[in-house]
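Reader: I would like a close look at one part of this model. Please take a single strand and walk me through its surroundings.

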Amino acid sequence: MIIVYESKTGFTKKYAEMLSAKTGLKLYRVKELSKININEEIIFLGWMKIGKVQGLKKVRKYNLKAVCGSGTGRTAEPDAETIITRNKLGNVPFFYLRGGCFPLKDLKGIDRMMMSMFVKTLKKRSDKDEKLIEAIDTIENGFDGVKEENLIPIIEWLNSR
Ligand SMILES: Cc1cc2nc3c(=O)[nH]c(=O)nc-3n(C[C@H](O)[C@H](O)[C@H](O)COP(=O)(O)O)c2cc1C
């Protein structure tokens with residue numbers, strides 16, 4: 001078993017490194033897949049964009065055993081069930097990891113455009129509850145939710161095999 005990850009701004013990378021340090025499993029970036037034997041069992045960690053786990057496509061032909069998606073919310077957005085369907089995970093277990101984001105002003109290109117549009121839509125909503133207010137603040141000001149304890153479910157899953 002090895003760990004493979006895809007990370008754009010570093011939050012998923014931090015989880016991948018923590019998981020590798022805690023389990024002793026070797027760590028690879030998606031870019032390094034050519035070094036990996038096709039039969040090797042993989043735990044994949046990827047950042048999520050509109051409910052899609054980034055980099056997952058490239059590891060599909062490998063022996064994928066579990067997928068962790070990192071996002072900024074307290075829970076997976078849109079929700080774990082939609083993510084499982086949207087990413088065609090079937091029976092491959094999915095684990096959500098709360099990652100983080102840089103402040104909106106520090107984002108670049110298409111990501112900045114998408115997040116600006118998203119935050120504008122959120123701000124226009126009249127049903128602003130605590131969760132929504134937190135989501136707006138997180139996008140505008142940035143947030144780091146990476147914590148070792150968030151890895152407990154995946155470590156428990158690994159130990160149960
Ligand atoms: C354009 C864009 C779309 C995103 N879409 C989602 C999403 O659908 N669900 C979610 O939970 N997080 C979403 N996020 C948040 C990132 O997945 C989250 O910040 C992640 O931890 C970043 O990981 P990285 O630092 O490894 O790149 C989105 C972020 C950006 C910039």
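Author: What follows is a tour of strand E3, its partners and the loops around it.

The model is predicted. Strand E3 covers residues 41-49. Is E3 enclosed or open? Of its 9 residues, 7 are buried, so E3 is largely enclosed by the rest of the structure. Buried here means under 20% relative accessible area.

Now the partners. Strand E1, residues 2-6, runs parallel to E3. The two are joined by 5 bridges. Within this pairing, glutamate 6 faces glycine 46 of E3 from the opposite position.

Strand E5, residues 63-71, is also parallel to E3. Here there are 7 bridges. Tryptophan 47 has serine 70 of E5 opposite.

Strand E4 is another partner, made of residues 52-53. E4 pairs with E3 in the antiparallel sense. The count is 2 bridges. Lysine 49 and lysine 52 stand opposite each other in this pairing.

Next, the turn. E3 and E4 form a hairpin with 2 residues between the strands. Isoleucine 50 sits in that loop. Its phi is positive, near 45 degrees, and isoleucine 50 is not a glycine. Is isoleucine 50 buried or exposed? Isoleucine 50 has a relative accessible area of 60%, so it counts as exposed. The cut-off for exposed is over 50%.

Now the other end of E3. The loop between strand E2 (27-29) and E3 holds lysine 31. Lysine 31 has a relative accessible area of 77%, which means it is exposed.

Which residues share a charged patch with lysine 31? The patch is positive and lies on the surface. Its members are Lys31, Lys52, Lys57, Lys58, Arg60, Arg86 and Lys88. Lys52 ties the patch back to the hairpin: this patch member is the E4 residue opposite lysine 49.

Lysine 88 is another member of the patch. Lysine 88 lies in the loop between helix H3 and strand E6 (94-98). Its relative accessibility is 66%, so lysine 88 is exposed. Lysine 88 also has a positive phi, about 50 degrees, without being a glycine.

One last backbone feature follows E5, the parallel partner of E3. Proline 78 is placed in the loop between E5 and helix H3 (80-86). The peptide bond from glutamate 77 to proline 78 is cis. Omega is near 5 degrees there.

To sum up, E3 is largely enclosed. E3 pairs in the parallel sense with E1 and E5, and in the antiparallel sense with E4.

Terms used: Residues are numbered from 1 along each chain as its sequence is written. This is a predicted model: local features need pLDDT of at least 70, side-chain atom pairs count only at pLDDT 80 or more; totals for chains, interfaces and linings use all residues. Side-chain values use heavy atoms; hydrogens and water are left out. Patches are made of residues with over 30% relative accessible area and no salt bridge: like charges are joined within 9 Å, nonpolar side chains (Val, Leu, Ile, Met, Phe, Trp, Tyr) within 5 Å. Accessible areas come from the Shrake-Rupley method with a 1.4 Å probe; for residues, only the protein chains shown count as cover. A salt bridge is a side-chain nitrogen of Lys or Arg within 4 Å of a carboxyl oxygen of Asp or Glu. Lys and Arg count as positive and Asp and Glu as negative; His and the chain ends are not counted. The place of a charge is taken as NZ of Lys, CZ of Arg, CG of Asp or CD of Glu. Helices (H or I, at least four residues) and strands (E, at least two) are DSSP runs, numbered from the N terminus. Buried means under 20% relative accessible area, exposed over 50%, partly exposed in between (1.4 Å probe, protein chains only). Two strands pair if DSSP finds at least two bridges between them.
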